[in-house]
Amino acid sequence: MNDNNNSVVACPVCSNAGTFYYVTKNNYPFNRCDKCDFVFLNPMPDQTTLNEQYIDHDTETEPAYNKSASRLRRAFMKLPRFFPYAFGKDSLDFGCGGGFVAHALSFIAKNSTGIDISENAVAYAKQRFKRATYQCMDFIQLLENENKYDFVHSSEVIEHVSDINLYMRVLAHLVKKDGYVYITTPDLGHPKVPEDVTKWDVFWPPIHVQHFTKKTANILFERYGFSIRKFYKNKKPGLIFLAQKL
Ligand SMILES: [Zn+2]
């Protein structure tokens, strides 16, 4: 039913002119690119629609960040990994949510900033964590802003954004030359992903609108002037990588 010409669209990540219908979940059809592995909703909802969905979901499942103790503990446990890239530097958590990682980074960075599109999240972060600076800004406002950072952390963000190329433009704009970005997202190429991908717990439209493998990440980040320096080992199906802005 979905193998008609309407489902054939160009890949937003690589130069492949034709991507084709892949699977449907929750009535949302996905396409897949056989050149870079990218899997994405087609049609892709716009960002305003996604934000509404996301905010609804967020308030349903995590009122007032009720897992805050474990979030905070996990944020501090990551500091040794961030230390070589963020110590004494200008650091940013891009998509900072309730501010846990920006708060942890404030203990090693020269300046720690958290930015999120959710006003509620930023209000929570500002009220709870005073060491870091928090701002509510969207992608367009960020492109107009001249602030740049040595280290940008952006965890579990890229699977949510409607326009992956706009996100990448903003990321490239935010990072200083030779600076680093630390990215996490579900790993579609991991051996633990079920053969029927719709049974994967994070295959979750319209909250997660797209999925990546190492190959997708390499192609996408290279296009925006980054070089991926390392993929961290992960027993769970999550991509974790560090890229440097050239
Ligand atoms: Zn592609």
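## The zinc site

Donors here are N, O and S atoms within 2.8 Å of the metal. By that rule, this predicted model has a zinc ion held by four cysteine sulfurs: Cys 11 (SG), Cys 14 (SG), Cys 33 (SG) and Cys 36 (SG). These donors lie 2.3 Å from the zinc ion. Along the chain they follow the spacing C-x2-C-x18-C-x2-C. Cys 14 and Cys 33 link distant parts of the chain, 19 residues apart. Cys 14 sits in the segment before β1 (20-25). Cys 33 sits in the loop between β2 (28-32) and β3 (39-41). Both Cys 14 and Cys 33 are buried.

What is the geometry of the site of the zinc ion? The site is tetrahedral, with angles of 103 to 117 degrees among the 4 donor atoms. For four tetrahedral donors, the ideal angle at a metal is 109.5 degrees.

## The sheet and Asp 37

Strands β1 and β2 also belong to an open sheet of 4 strands. The order is β1-β2-β3-β9, and the pairing is antiparallel. The edges are β1 and β9 (210-211). Each has a single partner strand, so one side of each is left without a neighbour in the sheet. Between β1 and β2 there are 4 bridges, and the two strands run antiparallel. One residue pair shows the register: Thr 24 has Pro 29 in β2 as its bridge partner.

Asp 37 is found in the loop between β2 and β3. Is Asp 37 buried or exposed? Its relative accessible area is 16%. The cut-off for buried is under 20%, so Asp 37 counts as buried. The side chain of Asp 37 makes a polar contact with the side chain of Thr 213, at 2.7 Å. Setting aside residues up to four places away in sequence, Asp 37 touches Arg 32, Leu 188, His 211, Thr 213, Lys 215 and Thr 216.

## Helix α2 and Phe 100

In α2 (68-77), the residues Ser 68, Leu 72 and Ala 75 are buried. They cover an arc of only 60 degrees around the axis, which puts them on the same side of α2. Residues three or four places apart in an α-helix point the same way, because there are 3.6 residues a turn. On the other side of α2, Ala 69, Arg 73 and Met 77 are exposed. The buried residues of α2 pack against α3 (79-86), α4 and α5.

Phe 100 is found in helix α4. Phe 100 is buried, with a relative accessible area of 5%. Along the chain, Phe 100 and Leu 72 are 28 residues apart. In space, their C-alpha atoms are separated by 5.5 Å. Leu 72 is itself one of the buried residues of α2.

## Helix α5

Helix α5 spans residues 119-128. Which residues of α5 are buried? They are Ala 121, Val 122, Tyr 124 and Ala 125. Seen down the helix axis, these buried residues fall within an arc of 160 degrees, so they line one face of α5. That face packs against α2, α4 (100-105), β5 (111-116) and β6 (133-136).

On the other side of α5, Glu 119, Asn 120 and Gln 127 are exposed. Gln 127 has a relative accessible area of 55%. The threshold for exposed is over 50%, so Gln 127 qualifies. Gln 127 and Ser 106 are 21 residues apart in sequence. Their C-alpha atoms are 15 Å apart in space.

## His 173 in helix α7

His 173 lies in helix α7 (residues 164-174). At 15% relative accessibility, His 173 counts as buried. The side chain of His 173 reaches the backbone oxygen of Leu 143 at 3.3 Å. Leaving aside neighbours within four places in sequence, the contacts of His 173 are Leu 142, Leu 143, Asn 145, Glu 146 and Lys 148.

## The β10-β11 hairpin

Strand β10 (residues 226-231) pairs with strand β11 (residues 238-245). The sense is antiparallel, over 5 bridges. How many residues lie between β10 and β11 in their hairpin? There are 6. Within the pairing, Ile 228 stands opposite Ala 243 in β11.

Terms used. Residues numbered from 1 in each chain as written. Predicted model: local features only at pLDDT ≥ 70, side-chain atom pairs only at ≥ 80, totals over all residues. Heavy atoms only, no water. Buried < 20%, exposed > 50% of the residue type's maximum accessible area, 1.4 Å probe, protein only. Pairing = 2+ DSSP bridges. Donors = N, O, S within 2.8 Å, 3.2 Å for Na, K, Ca; no water. Tetrahedral: all angles 85-135°; square planar, octahedral: opposite > 155°, others 65-115°. Arc of directions from axis to C-beta. Contact = heavy atoms within 4.5 Å. Polar contact = N/O pair within 3.5 Å; in protein donor to acceptor, adjacent residues only side chain to side chain.
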